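The following exercises concern a single protein structure. Each task sentence is followed by a solution that proceeds step by step.

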Amino acid sequence: MCVYAAACGDASAECVLHGDALLADSHSMRAAQLLKKLYPETCQVVQISPKSFSQKDRINNSAIFKDTIYAERFLNIYKKKEEVFVGFDNDKKGSNEKESLTQVKGKNPHLLLQILEPFFEKRNESKDEGTYRIDKTKAFQLMGKAGCALLSNDESRQLSLLNQLHYTTLKQEVLTELVDTASKKIKLKSKYQSNFKREFLLKLELRDRERQFSAKGNIVYPSYKRWQELSEELSNFLTACPEGGLEEVNARLSSLWTTSEKSSVRHKKVKRSMSLPMLASQSGAVRIRRKDFRDGYVYQSIDANQLYYGFSKKDGKILFNSPLPHPRLTTKNLKIYEYQYQPVNECVKMDEWKTVYEKEGVIVEHAPGTKARRYIRATLPFDLYLLWDKELQKAKDKSSLTLPSKVIRETKDFFEEGIYKNEELAQFFPKPRENNKKFTMNIELVGSTVKFSYVTA
């Protein structure tokens, strides 16, 4: 704008720009008036960012998956005479049956074995006793089918039970997991200085949809015993050698580590990675199917950065419990854990805006957002915005042009002391995501009109 005003003072430029030569005359009163007219009423705040995930047709220009690979497992089922249990093998030395097994109760506990019989590995069991392990390849085939086709009632029942027996683990490096290396003095992390068994508890809630059997209890993952032994040994070592450094701790840990007699790397020079499995939870979990060199299939469980692009609608109502994965992610070689195929007649994208209020220069729009959070956007006169923004009221320059593209404000001041004073508008502005002391707004338009957006809790 300043360049435009200055250029208009040049006769050769003025004929092109159609300005006024008086703009270059500092003694003319009319020059100030002309310059004021050049000042825009509003300015759009342009944030340079890539297209949102829901607006992309191709998604291969950004990282889809994360690097960590998880191990998928299923709890075993045990038959002991007339009783059925779920959990881990309790024949190992030092194991506690009460912690490793949960009994299946109900009208017909043996029905669990009948329903899942197609998914068991080949086994040798007697009439009274038997161990039943889930064949992961067979289970993954049914789970993969659930992501791209409708299942029969029997298949749905089987899938439900398999999902309830399913859990994931992740190998963690023992040293970095147990020892707090960030502090000046080497010590065990606080969660390992007391009872940390909760880190290894599998909370089982096995329920049959026909209510023929059920099982509920906390099962301790077997690696807990080894983790506990190592944490106690390191705790004793650090007590005896309080000045010990990382090298001494690592040496002590190495002395406690034994390589299996059956290990193929026993006589090879390899980097020793002292790691043990722990229970793990995933966010945006997917299972990828790949072919191996034998022309068979292998499966990898990893996390995804983004999966869903919208929601299905029924009778004009958005089904927030039914998010739809991006079309590029619905293939036979990729299964999203939480997604089960459903025919869709109508859908709405996550950032598809809909006007929910429009009156006297105030426009409020809502978008579905994510499964748990909604997007809110408002356009309103600056005078009204200023009543809500207590911090801008205190500023020396109260112009909206001073607002940055991202604004952090006190939640109580902006909502309870601002927006919620207007009963008519209050219902269209749910509390923000940071539902504590402060929240973040994106500023999209400034000037005589202000447009801002935020994410709900």
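**Exercise 1.** Determine whether Glu 229 is buried, partly exposed or exposed, and describe its salt bridge with Arg 226.

*Solution.* Step 1. The class is read from the relative accessible area: buried means under 20%, exposed over 50%, and partly exposed in between (1.4 Å probe, protein chains only). The areas themselves come from the Shrake-Rupley method with a 1.4 Å probe, and for residues only the protein chains shown count as cover. Glu 229 has a relative accessibility of 31%, so it counts as partly exposed.

Step 2. This is a predicted model, in which local features need pLDDT of at least 70 and side-chain atom pairs count only at pLDDT 80 or more, whereas totals for chains, interfaces and linings use all residues. Residues are numbered from 1 along each chain as its sequence is written, and side-chain values use heavy atoms, with hydrogens and water left out.

Step 3. A salt bridge is a side-chain nitrogen of Lys or Arg within 4 Å of a carboxyl oxygen of Asp or Glu. Between Arg 226 and Glu 229 the closest N and O atoms are 3.3 Å apart. Side chains of opposite charge can pair when their charged atoms come close.

Step 4. Both residues belong to helix α9 (residues 224–240), where they are three residues apart, about one turn of the helix. Helices (H or I, at least four residues) and strands (E, at least two) are DSSP runs, numbered from the N terminus. Arg 226 is partly exposed because its relative accessibility is 28%.

Step 5. Lys 225 joins Arg 226 and Glu 229 in a network of salt bridges. In the whole structure, a search finds 17 salt bridges.

**Exercise 2.** Which salt bridges does Arg 409 form with Asp 389 and Glu 391, and where do the partners lie?

*Solution.* Step 1. For Asp 389 and Arg 409, the closest N and O atoms are 2.7 Å apart. This pair links distant parts of the chain, 20 residues apart: Asp 389 is in the loop between α11 (382–388) and α12 (390–394), and Arg 409 is in strand β22 (residues 406–410). Both Asp 389 and Arg 409 are buried.

Step 2. The side chain of Glu 391 also meets that of Arg 409 in a salt bridge, at 3.5 Å from N to O. Here helix α12, which holds Glu 391, is linked to strand β22, which holds Arg 409, across 18 residues.

Step 3. Arg 409 counts as buried because its relative accessibility is 10%. Glu 391, at 46%, therefore counts as partly exposed.

**Exercise 3.** Locate Glu 155 and Thr 169, and identify a polar contact of the side chain of each.

*Solution.* Step 1. A polar contact is a pair of N or O atoms within 3.5 Å; within protein, one must be able to donate a hydrogen and the other to accept it, and residues adjacent in sequence count only if both atoms are side-chain atoms.

Step 2. Glu 155 is part of helix α7 (residues 153–165). Its relative accessibility is 18%, so Glu 155 counts as buried. A polar atom of the Glu 155 side chain lies 3.0 Å from the backbone nitrogen of Ser 152.

Step 3. Thr 169 is part of strand β7 (residues 166–173). Thr 169 counts as buried because its relative accessibility is 2%. The side chains of Thr 169 and Arg 73 make a polar contact of 3.4 Å.

**Exercise 4.** What are the phi values of Asp 315 and Glu 360, and are these residues buried or exposed?

*Solution.* Step 1. The phi of Asp 315 is near 55 degrees, a positive value in a residue other than glycine. Asp 315 sits in the loop between β15 (308–314) and β16 (317–325). It counts as exposed because its relative accessibility is 77%.

Step 2. Glu 360, although not a glycine, has a positive phi of about 50 degrees. Its place is the loop between β19 (354–359) and β20 (362–367). With 70% relative accessibility, Glu 360 therefore counts as exposed.

**Exercise 5.** Where is Tyr 339 found, and how many residues along the chain separate it from Ser 322?

*Solution.* Step 1. Tyr 339 lies in the loop between β17 (334–336) and β18 (347–349). Its relative accessibility is 11%, so Tyr 339 counts as buried.

Step 2. Tyr 339 and Ser 322 are 17 residues apart along the chain, and their C-alpha atoms are separated by 8.2 Å.
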